[in-house]
Amino acid sequence: MAGGSHPSGFNPHLPGFRYQVLSKLLGASMWFFILYRAREDGPKLLGLRHPWEGHGHNDEHSESH
């Protein structure tokens, strides 16, 4: 059963080389974006940090505000 036709007559063709490369590129960019956003917003989503605690700077504003 490793080769040959399927008993039901369904014989799909393999995708072209361009589509294989494009799908890998889009998949890799999707995972890069997901992992980047998880690094940036993960602690806030998991409840480990509050969203109003700042963006990594000290929030040293002048008293004249």
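## Overall picture

Just 3% of the 65 residues in the protein chain are buried, where buried means under 20% relative accessible area, exposed over 50%, and partly exposed in between (1.4 Å probe, protein chains only). Keep in mind that this is a predicted model, where local features need pLDDT of at least 70 and side-chain atom pairs count only at pLDDT 80 or more, while totals for chains, interfaces and linings use all residues. Residues are numbered from 1 along each chain as its sequence is written, and side-chain values use heavy atoms, with hydrogens and water left out.

## The helix

The chain has one helix and zero strands; these are DSSP runs, numbered from the N terminus (helices are H or I, at least four residues; strands are E, at least two). Helix α1 covers residues 17-46. At Glu40, α1 bends by about 55°, with Pro43 following within four residues. That bend is the angle between axes fitted to the seven residues ending there and the seven starting there. Just after α1 comes Gly47, with a positive phi of about 85°.

## Salt bridges

How many salt bridges turn up in a search of the whole structure? There are two, each being a side-chain nitrogen of Lys or Arg within 4 Å of a carboxyl oxygen of Asp or Glu.

Arg37 pairs with Asp41, their closest N and O atoms 2.5 Å apart. These two sit four residues apart in helix α1, so about one helical turn separates them. Glu40 bridges to Arg39, with the closest N and O atoms 3.3 Å apart. Glu40 is partly exposed at 32% relative accessible area, whereas Arg39 is exposed at 59%.

Definitions and conventions
The expected span of a helix is 1.5 Å times one less than its number of residues.
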